[in-house]
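Consider the two-chain model shown here. The paragraphs after it go through confidence, one chain, the contact between chains, and the cores.

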Amino acid sequence: MILALTIAVLVAGAVYLVLQKDFFRVVLGFVLLSHAVNLLLFSAGGIDRRGEPLGSGPDPAVTADALPQAFVLTAIVIAFAITIYLIVLAVTGRPDTDGDAAAGAAGTEQDTDDEEARR
Amino acid sequence: MPLSLILALAGGLVLFAAVMARVLGRRAGWPIAAGMGALAAAVAARAPGSGAVTETVSWIPTIDVALRLRLDGLSFLFALLVLIIGALVMVYSSAYTSSKGAVGFYTLMTAFAASMLLLVLADDLIVLFVAWEFTTLCSYLLILRSNRKAGPPATRTLLLTAGGGLCLLGAVALVSNRTGTTELTAALNHEAWAQDPGFAAAAAILVAVAAMTKSAQFPFHSWLPDAMVAPAPVSAYLHAAAMVKAGIFLLMLFAPAASHSPVWPVMLIGFGLITAVMGALFALQRTDLKELLAYSTVSQLGLLMAVIGVGTPDAMLAASVHVVAHALFKSAGFMHVGFLEKRLGTRDIRELSGLWRSRPWDAVMIVLAAASMAGIPPALGFVSKELVFDSMLLLPAGSALGWTVALIASAGAVLTVAYSARMVVTTLPGPAMRPNEGVRTGAMSLAISLAAVTGTGIGLTVWLLDDLLAPAAAVSAGVGAGEIYGLSLWHGFNAPLALSAAAVAGGLLITVRRTAVDRLLVGRSLFPSDGTTLVQASQDGIIRGGRRVGDLTRTDSPAAHLAVPAVLIAIAGAGLPLLWPGWGTANVEAPDVPLFIMVAAGVIAVIVARARLAAIISVGVAGFAVAIWFFVLGASDVALTQLLVEILTVVIMVLVLRRLGREFTPTPRARRVGAGIAAAVAGVTAFFATLAFTGHRGLSPVGEYFLREAENDTGGTNVVNTILVDFRALDTLGELVVLAIAALAINSLLVARRPVSGPAPSLLRTPLADPASNAVFLRVLDRFLVPLMLIGSAYALLRGHNDPGGGFIAALIGASALALAYLSASSDENRRLNRPYRAIAGAGIIVAVGCGLLGLLDDSFLRPLHFDVLGVHITTALIFDLGVYLAVFGVILAALNLLGTRQGAQETAEGLPAPEETPVTVAAPVAPAAAGRGHDDGHSTEEARS
């Protein structure tokens, strides 16, 4: 129940952020979304059993399902790589010669978009 | 020799052609012609007579597709035509083409021949279709490569012929579904053709349209004249034996089955006659010899199609003879035009003259070819035209209709005689022209003469063709070979002869009065719009339409795209009550609530944050809370990974902060409200969906298997790690590849589009915030911490199989050490980060794949091997984990390197060797150092190239 609430909060925050104008916020939203999905995978594996799947002969009655854990472990790293990629997208796109640096910094994403469209 | 071997050799000839053309340049035409001749001999040795040779090579047994081959009378005729005309054209090409580009030309021409051979030998609908498309592609490429302006005509050709290909695909699907087999002979002999008129009509129309596009019949005729941008040998082959003859072959192949439908003869005779007359009229209008010949092909093929539509054994015999006659005179014609163009630099009949004086032999040859084209005795063209008229007069539908058809055909013949004569009378007389220097014409003349002399000589001895043509006609008429009459040059005084004579007389009259006719026809458009314009317009229209459809979703705002899945999921959430299984078990434990509060606080803080830094820190809070969640749920490995990733995410985000403004770009209020509503709905949906879809069952059987058997199967006691490197190593390998691609993508993105440079951070202006002196404590600490972390990283890697750790975690620890070293460095130009990240990431994949290949020693890719060395258990899974380590390390290194330093790794040379250089020797990750270095060479060459 509480886990479901946590997922819900993360999803809500993620959806709100990805619909914002600033691309960096979209990236943050993506990070939150990946948390939500990872927790959902855990939830799918069942959260009644919370023992560590370590050591000789773990007892299946109390040990957590190791399969979702393996999925989530790789998912975290891949989501990380994608996050880096998105971050790079966030900082590329506007040319350096954009004149006034301050304007460039405060520049709206719309500028970026227009320039991409022109290319 | 088996048919499959002949086909394989035809395929081998393509490679042979490529090699020969590389070595010999254009003279490769000779050995290739010899190869085609040998293949023709091999086919001839299998002459099927009135029977058939069949062969099957299994291809896709599960759906009953096989490389079924069949050599019967019809395919024998076409196979010989393809190979012999091919050989002639190759001989011609050895003089015509230039050595530059000879490899591409000869490769494609032989591929063209091989595709045609496959097409005519196919006894399977699928194989037939594949070969059909091959010929389309070959002709497209041959036209495309001919010169720079060939793009649009080649594309138009492809558009029309590939459209016909789709019709054939439809026919193949229809026929194989209805008859239940893809075997061609069986499908064509199926009773459905006779019993199911709807099916027969649909299949007949599809086949006819496919053939009409291929053979350039009205209304698809425009591509053939369009395609004459191709060089003369390509045109000669395309018109005489290859591309357009594929359509005729298809019609003759399907005729016995498709003629069950009354649509078939109506369509074939109707469109065939229209095309025959129209093409001949267009040909008469042209002054460009090549264009004239192209329209002549359109016209001749129309006549062929009409006579195939008649469908009687006589008609099929006429079609067979005309196929041969046309192949000979048309290849001679095109090669002759190419010869003129090469030698005199023009192919316009208004400029050409005096061939009789300068090259009497070639002049005789073109007269022979034109005579065959016009149907003057004793050329083969005369024999075929007699037969065509004869079979049309005996049309099964009645003699009145037969006479009508024959009269229309003879109207076409009048025009044919006229344009054939025009070709001769305008170029032969008059003063000789000055030839271009250095054009060797021997091989060209030889090829032209062979085709032209054969075309006439064989008319005199036409009974020699009986054995070749009677079986072909029998197959396409669906009768026994005994029902086909023998061929002869002279049939006595009869109606066909009268029609022929009338045609010759009419044609000559037009020729005599040609100035008047020219004034009437030349340069005048007979139709309101020509085909090329229409095809081009439709092509442009399709592209415009596609753009219009694309516009519906084309926007550069990410939100517009990202909102779609959110909204769709929210809508799907409306269906949740239908699936609601109850609340399930209330699995709440003590730490859950504070963790929820932490996550919620983090999320709310991100949402309200205006400053980027605050948002990044808040995301970090949520991330750490999630990491603890993982720990509470019994996943220490995952929790560790999450923790390390969270740290590195914050580091990398902070790296790019200086390029962006301090605060977020504000979002308009209306959009915030919309986003808030979407977020609320999505959150509620997520909550109920989680409760509805998860937590309603116990441990999965596969999960239980892993828990019970992991140690027995793999010798590791960290079940999660054994899943990653043993049980599901292939998944992990795929993930490594994704990571390495991410490293490359980051690299290319930053190379292709330079990052924005934000405002100079105002922080730097105060002495307190001076990063150089500020970081001094960290720098001191760093000397001990970084080596320690790297040792920890190696330790985590080694123990991963049994205890929390493993490649992912170890790499993250190692990367954190580097991040720490980076953060404490005194300047941007920090050489220690200048590691070959691409090579490291690549080495990760190579190590992992190499380890997987080792597994083949034990029968399976990626199966770990186990050894006991001095009492210590060792498994190759550890090597695989090393691959994981390298790939993860590579991608993070790429990010630090490219985002952290001023211009990526490119401008690091000016940086002073920092005092922190010492730990760097260790900073090369302990275990991967060797592998990374091993790839340094590859890396540096790559750098040099870029």
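What follows is a description of computed features, beginning with how far the model can be read.

This is a predicted model, in which local features need pLDDT of at least 70, side-chain atom pairs count only at pLDDT 80 or more, and totals for chains, interfaces and linings use all residues. Residues are numbered from 1 along each chain as its sequence is written, while chains are lettered from A and ligands numbered from 1 in the order in which they are written. The model scores ipTM 0.83 and pTM 0.65. Chain B has an average pLDDT (the predictor's confidence in each residue, from 0 to 100) of 83, and 91% of its residues score at least 70. Residues 904–946 of chain B have pLDDT below 50, yet this stretch has 74 contacts in the model beyond near neighbours in sequence. Two residues are in contact if their C-beta atoms, placed from the backbone, lie within 7 Å.

Chain A has five helices and zero strands; helices (H or I, at least four residues) and strands (E, at least two) are DSSP runs, numbered from the N terminus. Of the 119 residues in chain A, 62% are buried, that is, 20 or more other C-beta atoms lie within 10 Å of the residue's own, with C-beta atoms placed from the backbone. Among contacts in chain A with a separation of 6 or more, 45% join residues 24 or more positions apart.

Where the chains meet, chain A contributes 87 residues and chain B 99 residues. On the side of chain A, two or more residues come from each of helices H1 (2–18), H2 (23–45), H3 (66–91), H4 (101–106) and H5 (109–118). The largest share, 21 residues, is that of H3(A).

The largest nonpolar core (buried Ala, Val, Leu, Ile, Met, Phe, Trp, Tyr and Cys residues joined through C-beta atoms within 7 Å) has 217 residues, and Val82(B), Leu117(B) and Val307(B) are among those that touch the most other members. At least three residues come from each of domain 1 (1–253) and domain 2 (262–546) of chain B, with bounds from an automatic or database domain assignment. Leaving aside residues up to four places away in sequence, Val307(B) touches Ala315(B), Ala318(B), Ala319(B), Val388(B), Ser391(B) and Met392(B). Another core, of 152 residues, lies apart from the largest one and includes Val88(A), Val599(B), Leu660(B) and Leu818(B).

Notes:
Buried ≥ 20, exposed ≤ 12 C-beta atoms within 10 Å, placed from the backbone.
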